[in-house]
Amino acid sequence: MHTYLEINFVTVIDFIGTFAFAISGIRLASEKNFDLFGAFIVGMATACGGGTIRDVFLGNSPFWMTQWVYLAITAFALLVYICSHSFINRIAKTMFTFDTIGLALFTVVGFEKTINAGFPFWAANIMGMMTGAAGGVIRDILINEVPLIFRRDIYALACAVGGIIYTIGIVLEIPDLWAQLGCAAAVIIIRLCAVVYHWQLPILRE
């Protein structure tokens, strides 16, 4: 049984994750000299792509088609970037931070929505990973880059570990809020450690 606080927490992190991923996509679109409309589309695809795939798999209408706030958040992210692009572009780590935050928060949202839809833990873990990582795949395809998830970087794997932490929390009957925080923290810590300590998955060779 979810409390109002827990439901509100998921909604808040969903909005923050949308903004973080939108900024990430818009910034990369600017590097490719996209116009404002193109940058908005890339930002929207980055922020909403994973959740759209999740909702289709769960048999629901994509969330952004019934809630205008996600379009507004993406537009706000574009405005923020226009007003502060020089500052953001000077700080390369900022984009990694936005991307990591979006990855962690969307993993939580995807897991939570799948569990609430009545699916088992393993499906929730996959949907959490999909929600977190698929938007970045769509973004990279739109800007003509090899998707980050297909490189050696620890990316989707961090989402999977976060989902396992969430599952353990539920099995141990830890309050949802703490399970969600544990999931997000695990994704962020693993992603940061992977970059700092150069953790990489083995390459599949011929």
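At what angle do the axes of helix H5 and H6 cross, and within what distance do they come? Let me start there. This is a predicted model, so keep that in mind throughout.

The answer first. H5 covers residues 121–142, and its axis crosses that of H6 at roughly 140°. The two axes come within 9 Å. Angles over 145 degrees would count as roughly antiparallel. This pair is therefore oblique. As for handedness, H5 passes H6 in a right-handed crossing.

Who makes the contact? On the H5 side we have Phe121, Asn125, Met129 and Ala133. On the H6 side the list includes Ala156, Cys159, Ala160, Gly163 and Ile164. Thr167, Ile170 and Val171 of H6 are also part of it. By class, that contact has 9 nonpolar residues, 3 polar and no charged.

Next pair: H6 with H7. H6 runs over residues 156–171, and H7 over residues 176–196. They pack at an angle of about 155°. Their axes are 8 Å apart. That angle makes H6 roughly antiparallel to H7. Here, too, the crossing is right-handed.

The H6 residues in this contact include Ala158, Cys159, Val161, Gly162 and Gly163. Ile165, Tyr166 and Gly169 belong to that H6 set as well. From H7 come Ala179, Gln180, Gly182, Cys183, Ala186, Val187, Ile190 and Arg191. The split is 10 nonpolar, 5 polar and 1 charged. Note Cys159 and Gly163 of H6. They appear in the contact with H5, and they appear again in the contact with H7.

Now, empty space. How many cavities of 30 Å³ or more does a search of the whole structure find? It finds 1. The volume is about 40 Å³. Its lining consists of Asp14, Ala47, Gly51, Arg54, Phe63, Phe106, Val109, Lys113 and Thr131. Two elements give two or more residues each to that lining: helix H2, residues 36–58, and helix H4, residues 92–116. By class, the lining has 4 nonpolar, 2 polar and 3 charged residues.

Last stop, one residue. Phe98 sits in helix H4. What does Phe98 touch, leaving out residues up to four places away in sequence? The partners are Phe19, Ala20, Phe21 and Ile23. Take Ala20. Phe98 and Ala20 are 78 residues apart in sequence. In space, C-alpha to C-alpha, they are 4.8 Å apart.

To recap the helices: H5 is oblique to H6, while H6 is roughly antiparallel to H7. That's all from me.

Conventions: Residues numbered from 1 in each chain as written. Predicted model: local features only at pLDDT ≥ 70, side-chain atom pairs only at ≥ 80, totals over all residues. Heavy atoms only, no water. 1 Å grid on protein atoms, 1.4 Å probe; cavity = no way out; pocket = protein on both sides within 12 Å on 5 of 7 lines; lining within 4 Å. Points joined across faces, edges and corners; volume = space filled by probe spheres on them. Helix = DSSP H or I, 4+ residues; strand = E, 2+ residues; numbered from the N terminus. Nonpolar A, V, L, I, M, F, W, Y, C, P; charged D, E, K, R; others polar. Axes fitted to C-alpha atoms, helices over the stretch in contact; angles between N-to-C directions. Parallel < 35°, antiparallel > 145°, perpendicular 65-115°, else oblique. Left-handed = near helix turned anticlockwise from the far one by under 90°. Contact = heavy atoms within 4.5 Å.
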